[in-house]
Structure formats: structure tokens, C-alpha cells
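Good morning, and thanks for coming. Please take a look at the model on the screen while I walk you through it.

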Amino acid sequence: MYWYMFCSLFFLWAIVFIMFVRQNRIRRKVLNILLNKKHHKTAFEREISQMEELAKRFLGKKVIVHTVTDSPFTGILEEVTSNALLVNCAERNQLVNLEYVISIQVIENKKKK
């Protein structure tokens, strides 16, 4: 009878120990990510500045700006500021955050015959 009780307590402590070890690993991973956040932030800022440089090439042109939402913005790209695009869409201005821009596509004017 004591044998069953000993085995059940042993397995219970083993399960608690395994859960503690797993939880400790998760805590260490989260802490590691938080400590390295500064490095990740600078890489993200670099990507945004590259997108800003590329968007400046399309100033004054009619473009389609695709964002993470399903609705693209079509209009003339008027201004590129730090982390934002100003697009003139059908006589109203749209301000688009560069963090959410997936692509910018130039619309070529078709020549009439």
C-alpha cells in the first residue's frame, strides 16, 4: 500500500519539476528577447529608412500603395516624411504609415493613339 502512494507522489513531483523547467526556459527566452530588443529595433529602423529612400523615387507619380490591410491606396505620392507617406487620393489626402506598407507600384499613363 505504501508502494503505490510513494509511486504516485514521485510521479506528481516529476510532473511539477518538468513544468517548472519548461516555465523557466520560457522565462529565459522572453528575457533574452527583451535584452536584445535594442538590436532588433535598430534593424527595424534601418528597414524603414530604406523603404523611405525607395519611396522618395516615386514622388509626384501616380502610385498604388499596398498595405497590410486589404485596401490599397491609389493616388499621387505627394510627400515622404520619416515613417509616413502622403498620398493624394481623389482630391483628399491619405497619410499612410510606412510600417504597414507592403509595396508601392507606379501606374504608367497609357498613351492615347
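**A charged pair on a helix**

Lys56 has a relative accessible area of 37%, so this residue is partly exposed. That label sits between two cut-offs: buried is under 20% relative accessible area, and exposed is over 50%, with a 1.4 Å probe and protein chains only.

Before I go on, this is a predicted model, so local features need pLDDT of at least 70, side-chain atom pairs count only at pLDDT 80 or more, and totals for chains, interfaces and linings use all residues. Residues are numbered from 1 along each chain as its sequence is written, and side-chain values use heavy atoms, leaving out hydrogens and water.

Back to Lys56. Which side chain does Lys56 meet in a salt bridge? The partner is Glu52, at 3.8 Å from N to O. By salt bridge I mean a side-chain nitrogen of Lys or Arg within 4 Å of a carboxyl oxygen of Asp or Glu. The structure holds one such bridge. Both residues belong to helix α2, which covers residues 37-56. They are four residues apart, about one turn of the helix. Glu52, at 15% relative accessibility, counts as buried.

**The whole chain**

Let's zoom out. The protein chain has two helices and five strands. Here helices (H or I, at least four residues) and strands (E, at least two) are DSSP runs, numbered from the N terminus. Along the sequence the pattern reads α-α-β-β-β-β-β. The chain has 113 residues, and 19% of them count as buried.

About 9900 Å² of the chain is exposed, and carbon and sulfur atoms supply 61% of that. Those areas come from the Shrake-Rupley method with a 1.4 Å probe; for residues, only the protein chains shown count as cover.

Now contacts, meaning heavy atoms within 4.5 Å. Take those between residues at least 6 apart in sequence: 40% of them join residues at least 24 apart.

**Helix α1 and its surface**

Next, helix α1, residues 2-35, where we find Trp13. Is Trp13 buried or exposed? Exposed: its relative accessible area is 62%. Trp13 also helps make a nonpolar surface patch of about 720 Å², together with Tyr2, Met5, Leu9, Leu12 and Val16. Patches use residues with over 30% relative accessible area and no salt bridge; like charges are joined within 9 Å, and nonpolar side chains (Val, Leu, Ile, Met, Phe, Trp, Tyr) within 5 Å.

How many aromatic pairs does a search of the whole structure find? One. The ring centres of Phe10 and Phe11 are 5.8 Å apart and the planes meet at 65°, so the pair is edge-to-face. The rule takes rings of Phe, Tyr and Trp (its six-membered ring) with centres within 6.5 Å; planes under 30 degrees apart are stacked, over 60 edge-to-face, and the rest tilted. Phe10 and Phe11 are both exposed.

**The strands**

On to strand pairing, which requires at least two DSSP bridges between two strands. Strand β2 is residues 73-81; four bridges join β1 to β2, and the two run antiparallel. Lys62 has Ile76 as its bridge partner in β2. Five residues separate β1 from β2, and the two strands form a hairpin.

β1 also pairs with strand β5, residues 101-106, again antiparallel, over five bridges. Thr67 is bridged to Val101 in β5.

Stay with Thr67, which is in strand β1, residues 62-67. Thr67 is buried, with a relative accessible area of 9%. Leaving aside residues up to four places away in sequence, Thr67 touches Phe73, Val96, Tyr100, Val101 and Ile102.

Another buried strand residue is Gln94, with a relative accessible area of 18%. Gln94 sits in strand β4, residues 92-97. With the exclusion of residues up to four places away in sequence, its contacts are Phe73, Leu85, Leu86, Val87 and Cys89.

**Two loop residues**

Last stop, the backbone. Asn83 is in the loop between β2 and β3 (84-89). Its phi is near 75°, a positive value in a residue other than glycine. Asn83 counts as partly exposed, at 26% relative accessibility.

Ala90 lies in the loop between β3 and β4. Ala90 is not a glycine, yet its phi is positive, about 50°. With a relative accessible area of 73%, Ala90 is exposed.

That's the tour. Thank you.
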